[in-house]
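Open the model in your viewer and keep the sequence panel visible. The stops below say what to select next and what is there.

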Amino acid sequence: MEAIVECYSGYTYAQEPRAFTWRGSRHRVTEVIAAWREPSGPCFIVRANDDRRYELRYNQPSDGWEIRDLTGLDKEVEITMSTVATRERVAERVRSVPPSGIRKFFDILATMKDIISLGIGEPDFVTPEPIIRAGIRSLEKGKTGYTSNSGILELRQLLSRHLEQLYGVQYDPETEILITVGVSEALHLAMLTVVEPGDEVIVPEPCFVAYKPSVVFAGGTPVAIPTYVENDFQVTAEEIEVAITPRTKALLIGYPNNPTGAVMSRERLLEVAAVAERHDLIVMSDEIYDRLVYGVEHTCFASLPGMRERTIHLSGFSKDYAMTGWRIGYACGPADLIAGMRKIHQYIIMSAPTTGQMAAIEALKSGEEHVQRMVAEYDRRRRVIVDGLRAAGLPCFEPRGAFYAFPDIRSTGLTSEEFSEKLLFEEKVAVVPGSAFGQCGEGFVRCAYAASLEDIEEALRRITRFVKRYGG
Ligand SMILES: Cc1ncc(COP(=O)(O)O)c(C=O)c1O
């Protein structure tokens, strides 16, 4: 006879049981001793009104309950209970990732007033007017539904043209471009698509805080390799090659770099490309800051000979077009990899925000003059902040891209976390400890110059005072 379990919610498998009918008699549940979830569904150990213990186990495939009388089976109950006791509610892959070092800092910052923030890695510019208008217009025209999973075709076509014009690399808009919820989503999709459990992904540090977690969430192992100020924070082919093992599946690089502002030279990238070729690595190249370079040229990794077929090019609109809140990014790559990413995207996202995509179309059509204007302004601020930090007594590597300066604070004798915390509390200036971007970021702090020139100048006065106090 079929077992029937009655639950408080009325959903037979979602909530705690209050009664069950088994072998022809109905039992009232007087106590739920344990509750946990198996892949096949929820399980409970309960005491019933006949003072006996029962195990109620839902079996999703057969859509039915299996019930056992556990009374007298004390050993078995004990074993089950100890398994339950050690079963964590939050999965190991999530527990193993520490909270972002940046977040902790911003939580403190949010409670304070009159702070000059050089902490946040986003443009202080508002999205250019024509792009905003395009977003509004699309809403007014009633474009409020989903788009194609891959993103609006016109946007993919414009991107294809854009990348060909800038870097001479060609992508088929139908099969080789996917529009995502920022580079953030694209990064995770790339990892989930490429990484098998136990695979290693090489990640040069210091780097964007999401890189290593994206590998862990995909079941892989991030292998961090340090880069050094003496080497302009550029990773070398030799450093990558030394870290390669039989389990190495991919390499994740991000240049122009957050947090150092480093840009890789074409020569260095060609050497990295040769290593990728030799060891058959997939390369994920996060080029979200590609347009924000000063006095140097950005090299698109996929445009290097032989690299298009093994590279997932990640980029987006957040930084170059001051569109962080619109949440539009994209991934370009060989059709098989993009198809894998699209499959995951289609199940977890459906489609990137429609209004954001409409705005991104306008960004590609008319945004160039605004990009140029913002780049010129960032460059002006870059000069001021680098000179100011150096004058304050902090050696500062010359950043050639993105909008970050990464001064060396070791002369103060403080750790990067102490420096950032004291500077915040004593001088009300927010910067981010270099250690938040990887161990080798220790001894440095990240100062974003996506702030007004007046704020940068005032922050520099305060930093100068602070460094003097700590004998830097
Ligand atoms: C290097 C890098 N990649 C990706 C992102 C995420 O950008 P998005 O807004 O496109 O998700 C950021 C944001 O700070 C970043 O610095």
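Start with strand 8 and strand 14 (residues 329-332), which run antiparallel and are joined by four bridges. Helices (H or I, at least four residues) and strands (E, at least two) are DSSP runs, numbered from the N terminus. Two strands count as paired if DSSP finds at least two bridges between them. Select Ile179 and you will find Tyr330 of strand 14 opposite.

This is a predicted model, in which local features need pLDDT of at least 70, side-chain atom pairs count only at pLDDT 80 or more, and totals for chains, interfaces and linings use all residues. Residues are numbered from 1 along each chain as its sequence is written.

Now show the whole sheet around this pair. It is open, has seven strands in the order 8-14-13-12-11-9-10, and its pairing is mixed. Strand 8 (177-180) and strand 10 (221-226) are at the edges with a single partner strand each, so one side of each has no neighbour in the sheet. On average, neighbouring strands here are turned by 20° against each other, direction ignored. Add helix 10 (residues 335-348), which packs on this sheet and touches strand 8, strand 13 (311-316) and strand 14. The direction of helix 10 makes about 30° with that of strand 8. Such angles run from 0 to 180 degrees between N-to-C directions, with axes as lines fitted to C-alpha atoms, for helices over the stretch in contact. Contact means that the C-beta atoms of two residues, placed from the backbone, lie within 7 Å.

Next, select the ligand. Which residues come nearest? Of the 13 residues around the ligand, they are Gly182, Val183, Ser184, Asn258 and Ser318. A residue is near a molecule if its C-beta atom, placed from the backbone, lies within 6 Å of it. Helix 6 (residues 182-194) gives the most to this shell, with three residues.

Stay with Asn258: a cis peptide bond joins Asn258 to Pro259, with omega about 20°. Pro259 is in the loop between strand 11 (248-254) and helix 9 (266-278). Another cis bond runs from Glu205 to Pro206, with omega near -5°. Look for Pro206 in the loop between strand 9 (200-205) and helix 7 (211-217).

Then compare two residues with positive phi. Asp114, in the loop between helix 3 (101-110) and strand 7 (116-117), has phi near 55°. Ala322, in the loop between strand 13 and strand 14, also has phi near 55°. Is each buried or exposed? Asp114 is exposed, with 5 other C-beta atoms within 10 Å, whereas Ala322 is buried, with 23. A residue is buried if 20 or more other C-beta atoms lie within 10 Å of its own, exposed if 12 or fewer, and partly exposed in between, with C-beta atoms placed from the backbone.

Move to strand 1 (residues 4-7), where Val5 and Cys7 point to one face and are buried, while Ile4 and Glu6 point to the other and are not. Strand 1 pairs with strand 2 (residues 17-22) over four bridges, in the antiparallel sense. Cys7 stands opposite Pro17 in strand 2.

Finally, zoom out to the whole chain. The chain is divided into domain 1 (4-90), domain 2 (103-126 + 370-469) and domain 3 (129-367), with bounds from an automatic or database domain assignment. The centres of domain 1 and domain 3, taken over C-alpha atoms, are 47 Å apart.
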